[in-house]
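Q: I've got a model open and I'd like to learn how to read it, feature by feature. Can you walk me through it?

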Amino acid sequence: MLVLASLGRADDATGVVFDDANGNGVRDRGERGLRGVRVSNQRDIVSTDREGRWRLPVLEGSETTFFVLKPRGYAPPTSADRLPRFSYTHKPGGSPSLKFAGLAPTGPLPASIDFALRRQREPDTFQAIFFGDTQPRDVREVDYFKHDIVEELIGQTNAPFGVTLGDIVFDNLDVMAPHNAAVALIGIPWWNVIGNHDVNTDAPSATDFDDTYNRIYGPNYFAFDYGPVHFVALDNIHWVPPAERGTSTSTWRSAIDPQQLAWLAADLAQVPKDQLVLLMMHVPLNDMSNREAVYRLIEGRPYCLSIAGHTHWHEHRFLRREDGWLAPTPHHHIVNVTACGSWWSGQPDELGIPQTTMSCGAPNGYTVLTFRDRGVTVDFKAARRPADYQMNIVAPDAVASAATGTTPVYVNLFNGADSSVVELRLNNQGPWLKLEKVREPDPVFLAQREREGTNAVAPWRTLPKPILSPHLWKGWLPDHLSPGTHYICVQGRDVNGKIHPSMRAITVR
């Protein structure tokens with residue numbers, strides 16, 4: 001919560017970051033200012049003095065957002081929907097007329113913009129939940145999200161917070177309110193990254209595109225510390241308004257604008273090189289038009305990785321020299337599984353929820369990241385499935401004995417990477433046979449799509465076209481199997497090196 005004092009000077013903004021001992025969001029008598037806490041105007045970063053006071057310029061243009069960079073061991077207040085409240089946007093005239101409500105006029109600059117922080121325990125080892133695109137179009141799809149994702153997390157997670165990696169909704173920004181209420185049921189603070197479907201596409205200028213997002217969630221880029229980890233949320237949706245295009249419509253490309261890039265450089269310059277840093281964004285890092293400018297800022301950091309959504313498939317990318325990455329050690333970039341899968345598409349299941357399989361053949365769901373010893377493990381969790389559901393095995397139900405040596409077996413290891421090893425054997429006997437990693441469409445997804453067909457009058461949206469799955473392996477049944485019932489044993493090592501077992505029965509005639 002912000003405490004805004006009476007009107008003051010109009011040249012610089014100033015305020016206090018204080019220890020909110022009673023947690024009411026208001027600076028009461030005896031609540032001291034906090035020294036050395038960083039505050040930003042999305043360009044400059046300053047630290048508070050011994051009394052907790054800070055001063056920053058108001059940027060040229062129609063608005064300036066000021067925010068506190070949450071330090072370790074403290075938490076900002078949260079709204080009724082568990083959204084962190086850590087910023088104040090100064091926009092004297094408010095937003096222009098927009099389809100979805102933006103920012104109300106703030107009038108003159110307040111005399112003091114104060115940020116409340118309350119002490120909390122933050123261990124060295126912890127988990128956080130990450131949603132790729134939740135992206136409901138309407139309240140009905142918010143209900144899908146509640147039943148498919150949220151309900152299994154209520155009271156069942158030890159994570160101290162969660163993050164949605166953009167495309168919180170699907171263009172209808174009025175859906176943000178019921179969506180936020182659904183996420184709040186999980187019961188933990190929830191941070192949000194801006195996506196290309198979370199903006200005011202009717203805004204007349206680029207400075208107004210994020211006004212609804214800014215009103216509800218806060219700044220479009222920011223940073224905070226939790227435990228020993230530094231988290232940075234980036235806005236890599238660069239909007240080009242109609243006036244700049246010379247047309248009647250807007251467009252966007254994935255990039256970080258120069259001011260944000262300078263802010264990122266200033267932020268990282270104040271973060272120790274041996275501190276773990278996680279960059280969070282909507283569009284994958286190596287799909288940005290100015291990705292190498294970001295590479296140069298993090299190549300010298302041995303403990304840095306990044307995570308994004310947007311693609312609607314799950315993938316581990318390891319950026320190397322051929323990608324423009326110049327450091328000797330590859331950069332691990334996670335393209336996160338999406339909560340909405342393939343945009344809540346596909347035939348509804350017995351509960352009326354679309355199957356919404358992603359185009360890589362993996363189910364929709366979320367990840368749980370565990371931060372430990374300046375490293376991160378990434379655990380894939382399929383929606384409404386047990387935690388050990390980590391792969392699909394594709395083999396025929398029955399096969400002739402003479403054809404066994406030429407019969408393919410596919411394994412989609414959802415959380416697999418290029419370094420993963422997938423092996424099979426029959427009846428849990430004999431040597432393990434190594435499968436080959438391939439880039440092909442997932443056979444289960446193809447079959448599902450074929451079963452559903454392309455009926456234009458079906459009461460559901462059809463599944464998208466398949467991609468060449470980034471986590472698919474192919475092998476062959478052993479030759480000359482004896483007639484009878486057998487079972488295929490598979491073990492796959494995921495990106496963390498953890499072994500996952502699975503089995504599939506098969507009849508040999």
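A: Sure, let's start with a strand. Strand β9 (residues 113-119) is mostly covered, with five of its seven residues buried. Keep in mind that this is a predicted model.

Q: Which strands are joined to β9, and which way do they run?

A: Strand β2 (residues 12-19) runs parallel to β9, and three bridges join the two. Strand β7 (residues 74-75) runs antiparallel to β9, with two bridges between them. For landmarks, look for F18 opposite A116 in β9, and for Y74 opposite R119 in β9.

Q: And how should I think about the side chains on a strand?

A: In a regular strand, side chains alternate between the two faces of the sheet.

Q: How confident is the predictor, going by the average pLDDT of the chain?

A: The protein chain averages a pLDDT of 94, and 97% of the residues score at least 70. Residues 1-9 are a stretch to treat separately: the pLDDT there is below 50, although the stretch has 37 contacts in the model beyond near neighbours in sequence.

Q: Next, cores. Which residues touch the most other members of the largest nonpolar core?

A: The general idea is that in soluble globular proteins, nonpolar side chains tend to be buried together. Here the largest nonpolar core has 64 residues, and F130, F231, M280 and F371 touch the most other members. Strand β17 (residues 276-280) gives the largest share of this core, five residues. There is also a second, separate core of 39 residues, including F100, F145, V150 and I186.

Q: Let me zoom in on F371. What does F371 touch?

A: Leaving out residues up to four places away in sequence, F371 touches D124, T125, F126, A128, F130, V229, F231, L276, L278 and V376.

Q: R372 comes up right after that. Is R372 buried, partly exposed or exposed?

A: R372 lies in strand β21 (residues 365-372). Its relative accessible area is 43%, so R372 counts as partly exposed: buried would need under 20% and exposed over 50%. If you want a sense of distance, the C-alpha atoms of R372 and G246 are separated by 50 Å, and these two residues are 126 apart along the chain.

Q: What about a helix? Which residues of α2 are buried, and what do they pack against?

A: In helix α2 (residues 176-184), the buried residues are M176, H179, N180, A182, V183 and A184. They pack against α1 (139-153), β12 (190-192) and α3 (211-216).

Q: Now empty space. How many cavities of 30 Å³ or more does a search of the whole structure find?

A: The search finds two. About 60 Å³ of space lies in the largest cavity. The lining is made up of L83, P84, F86, W190, W191, N192, Y213, Y217, P219 and F222. Strand β12 gives the largest share of that lining, three residues. You've already met β12, as one of the elements that the buried residues of α2 pack against.

Q: And the largest pocket: how much space lies in it, and which residues are closest to its centre?

A: The largest pocket holds about 610 Å³ of space. It is lined by 27 residues, and A206, T207, N220, D257 and Q259 are the closest to its centre. The elements giving two or more residues to the lining are β6 (64-68) and β15 (237-240). The largest share, three residues, comes from β15.

How values were computed. Residues numbered from 1 in each chain as written. Predicted model: local features only at pLDDT ≥ 70, side-chain atom pairs only at ≥ 80, totals over all residues. Heavy atoms only, no water. Core = buried A, V, L, I, M, F, W, Y, C linked by side-chain atoms within 4.5 Å. Buried < 20%, exposed > 50% of the residue type's maximum accessible area, 1.4 Å probe, protein only. Helix = DSSP H or I, 4+ residues; strand = E, 2+ residues; numbered from the N terminus. Contact = heavy atoms within 4.5 Å. Pairing = 2+ DSSP bridges. pLDDT = per-residue confidence, 0-100. 1 Å grid on protein atoms, 1.4 Å probe; cavity = no way out; pocket = protein on both sides within 12 Å on 5 of 7 lines; lining within 4 Å. Points joined across faces, edges and corners; volume = space filled by probe spheres on them.
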